[in-house]
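The following note is offered to a colleague who has the coordinates at hand. It takes up the chain interface, then the sheets, then some points of backbone geometry.

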There are 2 protein chains.
Amino acid sequence: MSRSPHPRRRATLASLAAELKVSRTTISNAYNRPDQLSSDLRDRIFAAAKQLGYPGPDPVARSLRTRRAGAVGLMITEPLNYSFSDPAALDFVAGLAESCEEAGQGLLLVAIGPNRSVEDGSAAVLAAGVDGFVVYSASDDDPYLPVVQQRHLPVVVVDQPKDVPGLSRVGIDDRSAMRRLAEHVVGLGHRQIGLLTMRLGMEPPNGTVKPAVADPQRLSTPHFHVQRERVNGVYDALAAAGLSRGSLTVVESYEHLPSSGGAAAEVALNANPRITALMCTADVLALSAMDHLRGRGIYVPGQMTVTGFDGIPDALRRGLTTVVQPSMDKGRRAGRLLHHPPRSGLPEVELLDTELIRGRTSGPPA
Amino acid sequence: MSRSPHPRRRATLASLAAELKVSRTTISNAYNRPDQLSSDLRDRIFAAAKQLGYPGPDPVARSLRTRRAGAVGLMITEPLNYSFSDPAALDFVAGLAESCEEAGQGLLLVAIGPNRSVEDGSAAVLAAGVDGFVVYSASDDDPYLPVVQQRHLPVVVVDQPKDVPGLSRVGIDDRSAMRRLAEHVVGLGHRQIGLLTMRLGMEPPNGTVKPAVADPQRLSTPHFHVQRERVNGVYDALAAAGLSRGSLTVVESYEHLPSSGGAAAEVALNANPRITALMCTADVLALSAMDHLRGRGIYVPGQMTVTGFDGIPDALRRGLTTVVQPSMDKGRRAGRLLHHPPRSGLPEVELLDTELIRGRTSGPPA
DNA sequence: CTGAAAGCGCTAACAG
DNA sequence: CTGTTAGCGCTTTCAG
């Protein structure tokens, strides 16, 4: 003879209170302050809740009242399977998720793909019920960053853009890490070097999405800071060794496909057949390039040195010479910065350490 | 002489109304029903909003009022970098994200890692401000599924668990897809077959996380339906060909590491050196197994047939014989089921099509 | 330990 | 086109 478990009207805290003839406060306390009532009453309340199908305080109503949404927003301005095709990005998200879990916070994905209008995307940012935002690796001129800022919530930028006044950031010193790597390559004796980069700007260069040699103008466009810094790191090393900029052939891979590295390598080697080392700004590019070289019968490192960046598991397993960056830790730090903001109230920049790995893919030129 | 852009008290819809001496409705209309007021007034309102730093209606308050949270929850009971190490899972999320974008909904990740108490995890489910849940590939006895159900929100299960009364599901016919694949392998003449599976249960078998031969008891534990169905599909094919169950050696890979497939292959070949075909319930396992075989100097398909499951890009590129399943579409459908529930109100099961790809990794036994 | 009162910020009738 | 009224479901003082 038990009553229907799902009355037409959804159970609320108030209806539970009425049913049990106690005040709403008491019900609220049962869920939020167990020490404020007898465990006996508390048990009765939970029993009644179960019986009425009351799932506990409504999260939205609670958020309105407490002024805390209980979630952080992760803003990514690329298609997800695009961003997440890089294990480094994935590790970052895992780290962020971990720190959110610890803080009892949710993680709201605000992924704005390229086939949405800026209006729609902005609406998504404005509609996100969150206590703060993590902006993941956005372009300097990302149209949604201003919208995020408009919400007057805590924001942490990851990697890029750099130097946004008032925003905390976690990243690494891309330039000097890449410089050290390039010094290693130059130190081995390489004088003609190819550098394969991920996209340098939001729009494809010269209207094509195929890998292409990046001209100086493209290199100076104010778009993706991280890639630019890594390129500059190589130039730093060249300059320090007294080499001209001409010894470097930069090829931009606009698309991020599994085969992009190989395609870019091809372009670089065609542009300058004397290249003896291919540096890559991402391990995924380097691994793909290596596959491609193998297909062409070019032996690594005997005939060609290859280096990467990131230190993803696959790369380490294959002995790639690369820079390991703590991707997961980046996520954790970003979360922590949001959940436990610095007491000063001032924005903070956290630069994490990287490690140069001299693997089995770099050696003296043939 | 403009006033401070950030008054101590955050601007609200009401304060804007007061400032402009119009009613709150009018402000609300400016944001939600542009046709309900002169565009002139609307512009004035937006100008004032900008000036006061009002970012538009508070999402939480709006949600409370409209009874719509504007987000769906994606529940994953594994560490993210674990789940997402499989490109198929990633594509699924991308598809789901796409459909959420279309519907103007957010996507809240409810990722409950293994090092949280069930209590904490349940709290996360209960605290999620969402309009519905997608449960991704959970075990039959996932402790959080009942908690999700307790919220009385629409739920869509992806892949597993199967046959939860009242819940919609999107998946594929794992058993018959695997059966067809096995028929292909058996048809080629293989009589001693190894089958490498992902984890079959939440707890490690016999307390070890290393790949191990799965005994009949392990195979009948009520845990991960999908793996079980795929195993059964192989048995179906064997039975149809008049082969005994003994011709199949099942090895469970509890961990999902990049090298797991190779390790499992090793276990299978040691358990039965006469194996001439290695079937795998996931492409990631198959690819790793192939790498391992190459290392051991075993030629594929000449000396060993290898098959996968999923149809991830890497697998197709390498010519793996496999079953292609529409992972991204699964995500889209799951989202659509949530955003546009069937008019009948009844739960719906959508089984998507799969395609058998006879690649370059299967051939007659040596 | 329990209850009464006062909103959190917003939208949805319904009247003008 | 604009304003008035009434909550959405909850938490939080502050008194008992």
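Which side chain of chain B meets that of Arg67(A) in a salt bridge? The points below begin with the reply.

1. The partner of Arg67(A) is Asp58(B), and the N to O distance of this salt bridge is 3.3 Å. The model is a predicted one, and the distance is accordingly a computed value of that model. In all, four salt bridges are found by the rule across the interface of chain A and chain B. Polar contacts between chain A and chain B, counted where both residues have pLDDT 80 or more, amount to eight residue pairs.

2. Arg67(A) also deserves attention for its backbone. Its phi is near 65 degrees, a positive value in a residue other than glycine. The residue lies in the loop that connects α4 and β1 (71-76) of chain A. Arg67(A) thus combines a salt bridge to Asp58(B) with a positive phi.

3. On the relation of the two chains: a turn of 180 degrees, with a shift of 0.1 Å along the axis, lays chain A on chain B with an RMSD of 0.1 Å. Because the turn and shift have these values, the relation is that of a two-fold axis. Within chain A, Leu108(A) has the C-alpha nearest the axis, at 2.1 Å from it. Both copies use the same surface, as 100% of the contact residues of chain A recur in chain B.

4. On the extent of the interface: 44 residues of chain A contact 44 residues of chain B. Together the two chains bury about 3500 Å², and carbon and sulfur atoms account for 63% of it. Of the area that chain A buries against chain B, 17% is supplied by Val60(A), Glu101(A) and His152(A), more than by any other three residues.

5. Which elements of chain A each supply at least two residues of the side that touches chain B? They are α4 (59-66), α5 (80-83), α6 (87-102), β2 (106-111) and α7 (118-127). The largest share, seven residues, comes from α6(A). By residue class, the side of chain A that touches chain B comprises 24 nonpolar, ten polar and ten charged residues.

6. Strand pairing also crosses from one chain to the other. β2(A) and β2 of chain B (residues 106-111) run antiparallel and are joined by three bridges. Within this pairing, Leu109(A) has Leu107(B) as its bridge partner. β2(A) is also one of the elements that supply at least two residues to the side touching chain B.

7. Chain A contains an open sheet of five strands in the order β7-β8-β6-β9-β10, with mixed pairing. Its edge strands, each pairing on one side only, are β7 (212-213) and β10 (305-307). In this sheet, β6 (residues 193-197) and β8 (residues 248-252) of chain A run parallel and are joined by five bridges. Ile193(A) is opposite Leu248(A) of β8(A).

8. Two cis peptide bonds should be checked by the reader. One runs from Val300(A) to Pro301(A), with omega near 5 degrees; Pro301(A) is placed in the loop between α13 (283-295) and β10 of chain A. The other joins Gln160(B) and Pro161(B), with omega about 0 degrees; Pro161(B) sits in the loop between β4 (155-158) and β5 (168-172) of chain B.

Notes: Residues are numbered from 1 along each chain as its sequence is written. Chains are lettered from A and ligands numbered from 1 in the order in which they are written. This is a predicted model: local features need pLDDT of at least 70, side-chain atom pairs count only at pLDDT 80 or more; totals for chains, interfaces and linings use all residues. Side-chain values use heavy atoms; hydrogens and water are left out. Copies are superposed by least squares on the C-alpha atoms of residues with pLDDT of at least 70 in both. Contact means heavy atoms within 4.5 Å. Buried area is the accessible area (1.4 Å probe) that two parts lose on being put together, summed over both. A polar contact is a pair of N or O atoms within 3.5 Å; within protein, one must be able to donate a hydrogen and the other to accept it, and residues adjacent in sequence count only if both atoms are side-chain atoms. Helices (H or I, at least four residues) and strands (E, at least two) are DSSP runs, numbered from the N terminus. Ala, Val, Leu, Ile, Met, Phe, Trp, Tyr, Cys and Pro count as nonpolar, Asp, Glu, Lys and Arg as charged, and the others, Gly among them, as polar. Two strands pair if DSSP finds at least two bridges between them.
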